[in-house]
Amino acid sequence: MRKQKALLFEMGRSGRQGYSLPSSDVPGKSLDELLPKKMQREEPPGLPELSEVEVVRHYTELSTRNFGVDTGFYPLGSCTMKYNPKVNEEVAALPGFALMHPCQPEHTVQGALELYYNMEQYLKELTGMERFTMQPAAGAHGELTGLMVIQAYHRHRGDHQRNKVLVPVTAHGTNPATVTMAGYEVVQIPADERGNVDREALKEAVDETTSALMLTNPSTLGLFEEEILDIAKIVHDAGGLLYYDGANLNAIMGYVRPGDMGFDVVHLNIHKTLSTPHGGGGPGSGPVGVRERLIPFLPKPLVAKKDDQFYFDYDLPNSIGKVQSFYGNFGVVVKAYNYVCMMGAEGLKQVSTDAVINSNYLATLLQKNYYIPYDRLRKHEFVVSAKPQSKKGAGAGDIAKALLDRGFHPPTVYFPLIVDEALMTEPNETESKETLDAYARAMEEIAGAIDEDAGKIAAGPYNTVVGRLDEVRAARNPILRWQEE
Amino acid sequence: MMGGKHYLPLTDEDRREMLKKIGVNSIEDLFSDIPDKVRLKSDLELPPAMSELEAVRHLSSLAAKNKHLNNCTSFMGAGVYDHFIPSVIKHITGRSEFYTSYTPYQAEISQGILQAIFEYQTMICKLTGMEVANASMYDGSTAVAEGAVMGCGATRRSKALVSRSVSPFYRAVLQNYFNSRGLDLEEVPLKDGHTDFSKLEEMVDDETASVILQQPNFFGLVEDLDGVGGTIHDHKAVLVMAVDPLSLPLLKSPADYGADIVVGEGQGLGIPPSFGGPLLGIMAARSRFVRQLPGRISGETIDSEGNRGYVMALQTREQHIRREKASSNICTNEALVALAAAVYMAAMGPQGMREVAEQCLQKAAYAREKITALDGFEAVFSGHSFKEFAVKVPGKPDDLNQKLLQKDILGGVDISPFYPELENTMLFVVTEKRTREEIDTLVRELEGWK
């Protein structure tokens, strides 16, 4: 079963080709006449020479060495690996969407602008915000955009001393990294014994240097911040703003909206909540929505409508400017738009209902064999601690590898950091009860196997195309490209 | 009708059994941790749910309102281009083992995407002459911005110089990233559409972190960068070069000019323009910058039996490990687009890519000569074009484009708004896809204007 896969560079023959181009039909000139010799490349770039069939077989074989949502259960916590509807791919590939140039005159892209316009209305309704930009290309890009908008707001008011952003200990790593990228200082806020933001610590931390609090609600522990209104009041009373990380919005659609909780800025990960595929790492899309007072600072252009004509509004003198060359990942937004059209209000609420049922149900099943801290209602995800198993010799990372052997993609491991040996588990609404039952049985069996012979589990996986890969070696001796021997 | 039932496998019976197992009486109980005061009391106001058939009809009707590259002949570029896309690409990227997966945290079941990215990194290094590349950035503009910030981190300095010949789309994003972070950005002026190197020489000093140049530049001109790298390195500053990867089989490589960091827009590598996104940000560098590199990198290692395999390498640079000390906040990238680019490069190979580059060069030269020979149409700059050229037109570019659209031609991009000194100036691109007949038609239409 295990065999090494050749690299592209180890295949092919000189003289083979995998392309077909028409010949040039304009009167040709000599190359040197068009481009001085000293500007020309001397050696060809050394790319492989392959026939089309070799290319296709190579990548087809690679695809069989990859696990996607279509392959099986993928409860990777906070990544919302729900099923990606096929029809989304079809509509996004329509030439009238996929083959538009971003500089086309507005009257030739009315359908695209209408789609953006409608989507903005839907996202506003979903979140309780008053204006959205689709420009950010991913969630973390949305975070950066959101903080830039907040920064511009404070600066515009002459509030230049606000140089700190508060981030709870349960936040995704992108939050603190974003804070640094935006030129801010991070102040970490601990959690209380129920897993909520420690409000006493928050009160201590806020002052006239507070720019914002970034909060994920429900948190990465899958817990809803029960005192969200008090948290909002503490931050607002200090003159700070409240930033909503939308990574976990899948839990609460139709139940509660960030705007109603007091948030001033939100980003959505539409590749999570709104079903667009994750593409082996991307592309995603991270629209940012804001309350009224922050609208003037949004990136430009915004999409607007006048007399049934849609247009790009560049007349935003206080805008932060641009965060992407054009208008964001339009192709991804098309897929999410199609999803919202198909789900409707009732469907989206059912999504959150079923995501929460699945999460609480699976947690209940796993409690038989595993320790789950913060024992209270969960939203769409929960965190198992494999600390007891770890003491026996097989921790969260080893359990993950044992799950690979049993045909499942594991949860997110070793995160959030406040739980030892964490397995952050997000089942999603698109999974059946049978799948959850099968996963729970596999986890029970793994717990038993650890009791019996933890060393065997710690040496896995056994049924994958490669064995446990040596990450330490990759870090110590980085080989980051193929080179001729 | 409730929408999306076919994506929701739980039945009412399932839900009842599951609630019982959880130990709650109702769905409402599951949401009792949300304070009543903030609860949404009414239904979301969204349009009625559509069936799949209705949704496809609706989306198709929106798409039908747009002009696009299949029903127009495009001479529109400025960073996004109408290049030939081989059929194989969509068949590979359409394999759902790739497109429904995510960041390869679990390497043993992600060898497909990890190896594909490793190969992509290798091909980007071969094209640019760099020693390390990452798995992608969002687009050319964010790659430029992150490359310039990298230079600041590597030199521990806080000032960058950017040529005005760098795309205004890139400079806008760069400016924004620098503003936010409190870094200084100065613009190097133009001289006949090229970077004014004597000015650059005056401006670069021992406080300069990064110098950002573009090759070919925004106007499509190939700049003579010989010696520029040396000037920059004399001040221990970093040369960040933005490139068009499709020009590289033909043009002297960035490494030969002394580039330290190479960035660029990879959309030409088999990626549809999609109204400007998703695009592909290219990011490559000399190996001494590897610890400052943002984003995912695939690296080779071995498994427990000594077999070759791939993992995400050097993760201690990244946000999920390093948090506020990370080299960037990037998490989700453009991996599937990078895969498409890899398939493109594998299928086209060195000859195919060279032929594309040569046809661009020849066809653009032909069009430039014909257009600038017309009355009232002037070449704005002298110098050597790759596939784009700027032309001053006798009237408003918008009016000209309206006229061309009547013949289903997407004309050039009006660049006057970005360069107030260039009145009525348009940027035309001619890719390998354009035929002589299409170019001649454009020329005829231009000739008949006014």
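**A sheet and a helix pair in chain B**

Let's start with the sheet: in chain B of this predicted model, four strands line up in the order β13-β14-β17-β16 to make an open sheet, with antiparallel pairing. At its edges stand β13 (378–379) and β16 (413–414) of chain B; each has a single partner strand, so one side of each is left without a neighbour in the sheet. As background, strands of a sheet pair through backbone hydrogen bonds, either parallel or antiparallel.

Now look at one pairing within this sheet. Strand β14 (residues 388–392) of chain B and strand β17 (residues 425–429) of chain B run antiparallel and are joined by five bridges. A handy place to fix your eye is Phe389(B), which stands opposite Phe428(B) in β17(B). Packed on the sheet you will find helix α12 (residues 335–372) of chain B, which touches β13, β14 and β17 of chain B. The direction of α12 makes about 5 degrees with that of β14(B).

From here, let's move to a pair of helices. The axes of helix α7 (residues 140–155) of chain B and helix α8 (residues 168–181) of chain B come within 8 Å, crossing at roughly 45 degrees. Angles from 35 to 65 degrees fall in the oblique class, and α7(B) and α8(B) are therefore oblique to each other. Their crossing is right-handed.

Which residues of α7(B) and α8(B) meet? On the α7(B) side they are Gly140(B), Ser141(B), Thr142(B), Val144(B), Ala145(B), Ala148(B) and Val149(B), and on the α8(B) side Phe169(B), Tyr170(B), Val173(B), Leu174(B), Tyr177(B) and Arg181(B). Sorted by class, this contact has nine nonpolar, three polar and one charged residues.

Note on methods: Residues numbered from 1 in each chain as written. Chains lettered and ligands numbered in written order. Predicted model: local features only at pLDDT ≥ 70, side-chain atom pairs only at ≥ 80, totals over all residues. Axes fitted to C-alpha atoms, helices over the stretch in contact; angles between N-to-C directions. Helix = DSSP H or I, 4+ residues; strand = E, 2+ residues; numbered from the N terminus. Parallel < 35°, antiparallel > 145°, perpendicular 65-115°, else oblique. Left-handed = near helix turned anticlockwise from the far one by under 90°. Contact = placed C-beta atoms within 7 Å. Nonpolar A, V, L, I, M, F, W, Y, C, P; charged D, E, K, R; others polar. Pairing = 2+ DSSP bridges.
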